[in-house]
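Reader: Could you take me through one part of this model up close? I would enjoy a connected account of how that part sits among its surroundings.

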Amino acid sequence: MRNAASILGIIGGLIGIFVGLFGYGYAELSERQPEVGQLLGVFENPGFIRFASFVAPLLAIAGGAMAKSRALWGGILMLISAFFFYAAFGFNVGTMFPIGFVALGGILGIAAGKPDEPKAHF
């Protein structure tokens, strides 16, 4: 389970980098070029979009990297990352894989027990 959580977190974070690049870029573009924002719409809270665009992929990759040695911490980081993706961008065709991969990796990380012991994390 730890290996699966690790791989899902890293893959979800790498896909999330592209979502974050587009989100951050569009927030900047619509702020600097108001006519683009009038044509295509603007974000209600562009500061949060910029923050989540950077932090969500970072937490996903860090959680995936931690999942083998610290599965509980890695799982929590991945679930926080999935929350940021959902809160910033919603669930749509562009975010379904990062949210799904990272959330499943977080659940697997939290559910993972120690390799040689039946109890989890302690």
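Author: Let's start with the length of helix 4: at 1.5 Å a residue, its 19 residues should span 27 Å, and the end C-alpha atoms are indeed 27 Å apart, so the two values agree. Bear in mind that this is a predicted model. Helix 4 covers residues 71-89, and just after it comes G90, with a positive phi of about 75 degrees.

Now for the side of helix 4 that is hidden. Its buried residues are A71, G74, G75, M78, S81, A82, F84, F85, A88 and F89. As a reminder, an α-helix has 3.6 residues a turn, so residues three or four places apart point the same way. The cover over the buried residues of helix 4 includes helix 1 (2-32), helix 3 and helix 5 (96-111).

Of these neighbours, helix 3 deserves a closer look. Helix 3 (residues 46-66) packs against helix 4 at an angle of about 155 degrees, and their axes lie 8 Å apart. Angles over 145 degrees count as roughly antiparallel, and helix 3 and helix 4 are therefore roughly antiparallel to each other. The crossing of helix 3 past helix 4 is left-handed. In their contact, 21 residues are nonpolar and five are polar, with no charged ones.

Stepping back, the protein has five helices and zero strands. Its C-alpha atoms fill a box of roughly 60 × 20 × 15 Å along the principal axes. Of the 122 residues in the protein, 39% are buried. Among contacts with a separation of 6 or more, 66% join residues 24 or more positions apart.

Note on methods:
Residues are numbered from 1 along each chain as its sequence is written. This is a predicted model: local features need pLDDT of at least 70, side-chain atom pairs count only at pLDDT 80 or more; totals for chains, interfaces and linings use all residues. Side-chain values use heavy atoms; hydrogens and water are left out. Axes are lines fitted to C-alpha atoms, for helices over the stretch in contact, and angles run from 0 to 180 degrees between N-to-C directions. Helices (H or I, at least four residues) and strands (E, at least two) are DSSP runs, numbered from the N terminus. Angles under 35 degrees count as roughly parallel, over 145 as roughly antiparallel, 65 to 115 as roughly perpendicular and the rest as oblique. A crossing is left-handed if the near helix is turned anticlockwise from the far one by less than a right angle, and right-handed if clockwise. Ala, Val, Leu, Ile, Met, Phe, Trp, Tyr, Cys and Pro count as nonpolar, Asp, Glu, Lys and Arg as charged, and the others, Gly among them, as polar. The expected span of a helix is 1.5 Å times one less than its number of residues. Buried means under 20% relative accessible area, exposed over 50%, partly exposed in between (1.4 Å probe, protein chains only). Contact means heavy atoms within 4.5 Å.
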